[in-house]
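Here is a short report on a single protein chain. It begins with one residue and works outward to the strands, a helix and the core.

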Amino acid sequence: MNPGFPIQEESDGRLVYWGQERPSLGMAGVAEQIVPVTLGERSYDIVLHPGLLATVGDRLSALTTSPKIGVVTDRHVASRYLQGTLRSLSKAGYDPTPIILPPGERTKTLGTIAKILDALAKHKFERQSLLLALGGGVIGDVTGFAAAIYQRGIPFVQVPTTLVAQVDSSVGGKTGVDHRLGKNLIGAFYQPRAVLIDPLTLRTLPRREWIAGLAEVIKYGIIADEEFFAFLEQEMPALLKLDEEPVIHAIKRSCEIKAQVVAADERESDRRRILNYGHTIGHALESLAGYRGLIHGEAVGIGLVQEAELACYMGLCGREVVDRIRSLVQRAGLSEQVSQASFTSLWGAMQHDKKVVGGRVIGVWPVRIGEVVIRPIEQQVCAAWFQRKHGRGSRPSSGRQPGKHSASRKARARR
Ligand SMILES: NC(=O)c1ccc[n+]([C@@H]2O[C@H](COP(=O)([O-])OP(=O)(O)OC[C@H]3O[C@@H](n4cnc5c(N)ncnc54)[C@H](O)[C@@H]3O)[C@@H](O)[C@H]2O)c1
Ligand SMILES: [Zn+2]
């Protein structure tokens, strides 16, 4: 045996990690995509492979020495994928405990965390026991947070089953729950040991959830990669039909971009903010809708277009940038219009976001497709833009309304 090779094969065919290096999750002879997330000792791989769910058990041996695995999922996902997952885990020699939660955002509470912790304590989970998040972003966020605090941190693995979770929430280590006074107010940065993506699970995703996830995919093209944006323009019809090849490329490229951004700025001090493009207005609209009626990706789709319009108004990008973004968002089947919100309520909702520093809203603005800048926005500028667009809502508090050109000149001067 080569002593430098960190994986050893057991008599039952399982691959066991025994060295100091980070193990690769790749299974010999199986073509799969791997995107490394480079975060020093917290580094991990995103593994992408159709049919991966059936081999989930084999892929965990490098990540835990305990036989106990807690499989956290929701009822919708459990009815489709839990049995197969449990079978794969048992076959690989694990003793899995399913923890099945109600589906939906309302599950993201401290009460749910208490229930997961109760189950772990009751089943005598130890420091090395692993939690597996099988589901969408809600399941990933609560499982990660429970893993972060049970016995001060136990390993966890993400097995995301929605597009939003596969391209966004499972990668980057943000975990947490909502508070009645705000979404995602309570949480921790806690990295998974691996993200295992089976794109075949997307086949059962409700179409509305699929389309909502495309908003996050489009976002990656806008913030970091014009070529990817052009690929989405070209392949949107195929993506809407769930054609395997473009779907896998879209997920992989999205993960690569998120991984690069997170590796450069794990705790969102600066660069990571670019991931919030479309989310300043998106989150405000979600909050104004009371987190009902409009799902996250749908709100982000509107945010992508409206924030581009605002950037154009400020003179940061040309009209052609807005037109390309609007056209792609529409072709994905997403809406791009702000609903009947008044400026006062929209600005108020934007103020409640975590992206507010010292009362100023920090925005992310496209300068061209593939490049964005991070910059605060003043209330007057935003109000003037809104008023020009809708001709209603509050006037800027100073009473002064900068016209398009004065706002553009100001923005250019700041660039
Ligand atoms: N941690 C992060 O960085 C991050 C990033 C983005 C979003 N989020 C969070 O993610 C959550 C949204 O995630 P989401 O959009 O995945 O929502 P979700 O987890 O609520 O899933 C959406 C719905 O799809 C169902 N579902 C999941 N997978 C399925 C499948 N394969 N087949 C059929 N049905 C399936 C779920 O049961 C649910 O009803 C929000 O709470 C948001 O705050 C977190
Ligand atoms: Zn988002």
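## Threonine 175

Threonine 175 is part of strand S9, which covers residues 174-179. This is a predicted model. Is threonine 175 buried or exposed? Its relative accessibility is 10%, and the cut-off for burial is under 20%, so threonine 175 counts as buried.

The side chain of threonine 175 reaches the backbone oxygen of alanine 188 at 2.8 Å. Alanine 188 is also among the contacts of threonine 175 beyond four places in sequence. The others on that list are Asp141, Gly144, Phe145, Phe156, Ile186, Gly187 and Tyr190.

## Strand S4 and its hairpin

Strand S4 spans residues 44-48. Five of its five residues are buried, so S4 is largely enclosed by the rest of the structure. In a regular strand, side chains alternate between the two faces of the sheet. Tyr44, Ile46 and Leu48 point one way from S4. Asp45 and Val47 point the other way.

Strand S3 (residues 33-37) pairs with S4 in the antiparallel sense, over five bridges. Within this pairing, proline 36 stands opposite aspartate 45. The two strands form a hairpin, with six residues between them. Glycine 40, in the turn, has a positive phi of about 55°.

## Strand S11 and its partners

Strand S11 takes in residues 194-197. Both of its faces are covered. Ala194 and Leu196 are buried on one side, Val195 and Ile197 on the other.

Which strands pair with S11 in the parallel sense? S4 does so over four bridges. Strand S8 (residues 156-160) does so over two. Leucine 48 stands opposite isoleucine 197 of S11, and glutamine 158 stands opposite valine 195.

## Helix H11

Helix H11 runs through residues 319-331, 13 residues in total. From its first C-alpha to its last it reaches 18 Å, close to the 18 Å expected at 1.5 Å a residue. Val321, Val322, Ile325, Arg326, Leu328 and Val329 are buried in H11. Seen down the helix axis, the buried residues fall within an arc of 165°, so they line one face of H11.

What covers the buried residues of H11? The cover includes helices H6 (207-224), H7 (226-240) and H10 (296-313). Strand S13 (360-368) is also part of it. Just after H11, glycine 333 takes a positive phi of about 90°.

## Nonpolar cores

In soluble globular proteins, nonpolar side chains tend to be buried together. Here the largest nonpolar core has 84 residues. The members that touch the most others are Trp210, Ile218, Leu232, Ile251, Leu310, Ile325 and Ile377.

Isoleucine 325 links this core to the account of H11, where Ile325 is one of the buried residues. Beyond four places in sequence, isoleucine 325 is in contact with Ile222, Phe229, Tyr277, Leu304, Val305, Ala308 and Ile369. Apart from the largest core lies another, of 24 residues. Its members include Leu52, Ala92, Val157 and Val159.

## The whole chain

The secondary structure comes to 14 helices and 14 strands. The protein has 415 residues, and 56% of them count as buried. How much of the contact set with a separation of 6 or more comes from residues 24 or more positions apart? Such residues account for 70% of those contacts.

Conventions: Residues are numbered from 1 along each chain as its sequence is written. Chains are lettered from A and ligands numbered from 1 in the order in which they are written. This is a predicted model: local features need pLDDT of at least 70, side-chain atom pairs count only at pLDDT 80 or more; totals for chains, interfaces and linings use all residues. Side-chain values use heavy atoms; hydrogens and water are left out. The expected span of a helix is 1.5 Å times one less than its number of residues. Buried means under 20% relative accessible area, exposed over 50%, partly exposed in between (1.4 Å probe, protein chains only). The arc is that of the directions from the helix axis to the C-beta atoms. Contact means heavy atoms within 4.5 Å. Two strands pair if DSSP finds at least two bridges between them. A nonpolar core is a set of buried Ala, Val, Leu, Ile, Met, Phe, Trp, Tyr and Cys residues joined through side-chain atoms within 4.5 Å. A polar contact is a pair of N or O atoms within 3.5 Å; within protein, one must be able to donate a hydrogen and the other to accept it, and residues adjacent in sequence count only if both atoms are side-chain atoms.
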